[in-house]
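Here are a few friendly notes to read alongside the model. Keep the 3D view open and follow each point in turn.

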Amino acid sequence: MNKIAKLFITFISAITLTLATISSSFAKVEDGMIVLGSAISLTGKYSSNGVHTQNGYNLAVDRINSMGGVKVGGKSYKFEIIYYDDESNPKRAAQLAERLIKQDGVHYMLGPYSSGLTKAIAPVTEKYKIPMVEANGASRSLFTKGYKYLFAVLSPANQYLEVAIDLAVEKNGGKPVKIAQAFEQDAFSQDVRLGILDAAKRTGSKIIIDDKLPKELNDMAATLAKVKATKPDVLVVSGHTKGALTAIRQISEMKVDVPMLAMTHCDAAKLSKQHGKKSEYALCASQWHKNLSYKDKFFGSGKKYDKDFKKEFGYAPPYQSAESSAALLVFKDAFERANSFDRDKVRDALKATEMQTFYGNIKFGPGGQNVAKPMILFQVRCKGDTCENKVVAPTKWASDKFFHPIPPWSERG
Amino acid sequence: MDFLIFKAPMLMVQASLDGILLGILFALIAYGMALQWGVMNIINIAQGDLVILGGYIAYTMYLAGIHPAWGVIVSPILMYFVGWGLYKLVINKVVDRDLFISILATFGIAIVFQQLMNFIFGADVVVAQSEYGTTMLFDNSVTLPNSKIFSAFVSLAYAVALVIYMKKSKLGRAIRATAQNARAAKILGVDTEKVYAATFGINAALCGIAGALISITLTLHPYVGLPYTVRSFMIVIVAGLGNLPAVAISGMGLGLFEEFADYILGTEFRIGAVFMLLVFILVYRRFKLSKKREYLK
């Protein structure tokens, strides 16, 4: 390449860069649009849940926009979201957050999918004082760092399976139980584990097996052999979808009899579809279920949300979508109460949020976590070959009775 | 808690059998790696991803209503051509370069494969159901999934078939000759280019079998290939190249070691323990070699 061509390229890039920085100063609220930014996993290992999250966001944006948008200062604004694909990579997510804020001039952010990526983005939004409402980062460590601009609509990870221990104690006539647990060594699952440790302490229960599964491991045979030998009252497993599928596969193959089995990520793993009857009686933690009786004026009820979502995207909404939709409702509410686009006013309004959505009640605690919504537990129940998730706890929303104890494998067809 | 295994002797039996059954499966993957490492001097980082691709072939059959166990026949055939194609496309350009280049190239292939599988099959963890049931021993205190027993038998059968093929067939002889001395083999009329392509194809086929077995015994996901690469690498390091019985023994040994490490050190140290063993073996080998050198002086 000759010198002139090189010079020319440098010149063009310089102009492009300058233009890019200039254009950023208009981007936050323009032409009646409120521009939100989000780095989301559209490719890579979180891509299925990333897409669920994006669908949830999009459905809510369409709904809010078509129902009159956001009213600030007597004028009506519409939501718009700029997405970038973070490739399920935390480093990339942090870069994209910078880009959204510095180049695209976004002043309000929506969270990415997963605790790990939210952890990568939160320091960036905090640095630039950008309010972020996130719907898919449940790790407790997100809420203990003193972040001021982070708000999560979901319950923190340590609450996921605490209810299950209470339920086990209740079924044991109020007496302490023996707990066996196996958790993957990642931030989320270890937080779930902390919740169990708290619950065990509170109820005086004893943890007899406490295995931490390495991330690369997809074999739980050793843990399950220990469970068989020690006969605990409840077995708790958390290791994302891989953990849930591996556990059911090996529990059924090794014929491990345990009165109660509690886990996370059953619906994300499509447990009842992939394992069918083998997954029956598994107890699963969930942020949301369509049968809950919460209401709002945008989506109506959970059942209606389920119907609308199916119509739009052709599949039933997992809780990841529902909570993502709720994040937009929170933003709208905060903008209207702040009645301003001043970031700090919006932040203060977010802080003071107290509302009900179809997804649940939302009120933020001091760390930014949602303290108003309990986790729910459902149990996989089968009729013939079709298996369904039935809500069994808390009792207020239970559609079915909790089946306990799980019959031994010798009696299961 | 840590020493539960010594209190319950049945756990010892369970752990040993689990370890051996899994170890045989890993040995099959490792043998493919040893073969092409020995012949072509390439360390294939994409080994695990070939395994997972083989698994997805079986899983696709399962979705189509065919029993996934047929995957142990279909998958190696398809994977042979995948391997052969990979050789023609990429590997033949790096085969006589230094090791670093080939590691980089296969690392690149691994990434491309992961992304492609993610694109085609989605990012969900999936399993295929064999419905083979369970074998119960010692009054139900030791339970072995029949799918694991099946996978160990299939692995053994293929391994034996491969050994015979290597000994008796013309191509097998050519492969062994190339492994010993590629230049001499070429001078004597062996088409080494063809041998390389076949070797890479055979390796991919072995991965295909292992993948199909993994789809019915464990779980599949586009990004879980690397642990299989690492484990087969370890088995090969321990066993040395081109020695099938040693690979099988080292595979089973590692499987056993892992299971026992789980009971004694705790699950969290299970994989760490294997790595520690690897370091130990490498140091020991070096030590032995240096002694030999001294003696020669």
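1. Which stretches of chain A make up domain 1 and domain 2 in the domain assignment? Keep in mind that this is a predicted model. Domain 1 takes 19-155 + 292-363, and domain 2 takes 159-286 + 375-411. Each domain is therefore written as two stretches of the chain in the assignment.

2. Now look at how the two domains of chain A sit relative to one another. Their C-alpha centres are 31 Å apart. Where they touch, domain 1 of chain A contributes 12 residues and domain 2 of chain A contributes 11 residues. On the domain 1 side of this contact you will find 4 nonpolar, 7 polar and 1 charged residues.

3. Next, try tracing the sheet. It is an open sheet of 7 strands in chain A with mixed pairing, and its order is S9-S8-S10-S11-S12-S17-S18. Why do S9 (206-213) and S18 (386-393) of chain A each have one side without a neighbour in the sheet? Both strands stand at the edges and have a single partner strand each, so one side of each stays free of a neighbour in the sheet. From one strand to the next, the twist averages 25°.

4. For a closer look at one pair, pick S8 (residues 178-184) and S10 (residues 234-238) of chain A. These strands pair in the parallel sense, over 5 bridges. Within this region, Ile179(A) stands opposite Val234(A) in S10(A). As background, strands of a sheet pair through backbone hydrogen bonds, either parallel or antiparallel.

5. Two helices deserve a look next. Helix H5 (residues 162-171) of chain A packs on the sheet and touches several strands, including S8, S10 and S17 (376-383) of chain A. The direction of H5 makes about 170° with that of S10(A). Helix H6 (residues 187-203) of chain A lies across S8, S9 and S10 of chain A and runs at about 165° to S8(A).

6. Stay with H5(A) for a moment. This helix is largely enclosed by the rest of the structure, because 7 of its 10 residues are buried. Among the buried ones are Glu162(A), Val163(A), Ile165(A) and Leu167(A). Just after the helix H5(A), Gly173(A) takes a positive phi of about 70°.

7. Finally, turn to the second chain. The contact between the chains takes 31 residues from chain A and 32 residues from chain B. In chain A, helix H2 (47-66), S9, helix H7 (221-230) and helix H8 (240-253) each supply at least two residues of the side that touches chain B. By class, that side of chain A has 11 nonpolar, 10 polar and 10 charged residues.

How values were computed:
Residues numbered from 1 in each chain as written. Chains lettered and ligands numbered in written order. Predicted model: local features only at pLDDT ≥ 70, side-chain atom pairs only at ≥ 80, totals over all residues. Domains from an automatic or database assignment. Contact = placed C-beta atoms within 7 Å. Nonpolar A, V, L, I, M, F, W, Y, C, P; charged D, E, K, R; others polar. Pairing = 2+ DSSP bridges. Helix = DSSP H or I, 4+ residues; strand = E, 2+ residues; numbered from the N terminus. Axes fitted to C-alpha atoms, helices over the stretch in contact; angles between N-to-C directions. Buried ≥ 20, exposed ≤ 12 C-beta atoms within 10 Å, placed from the backbone.
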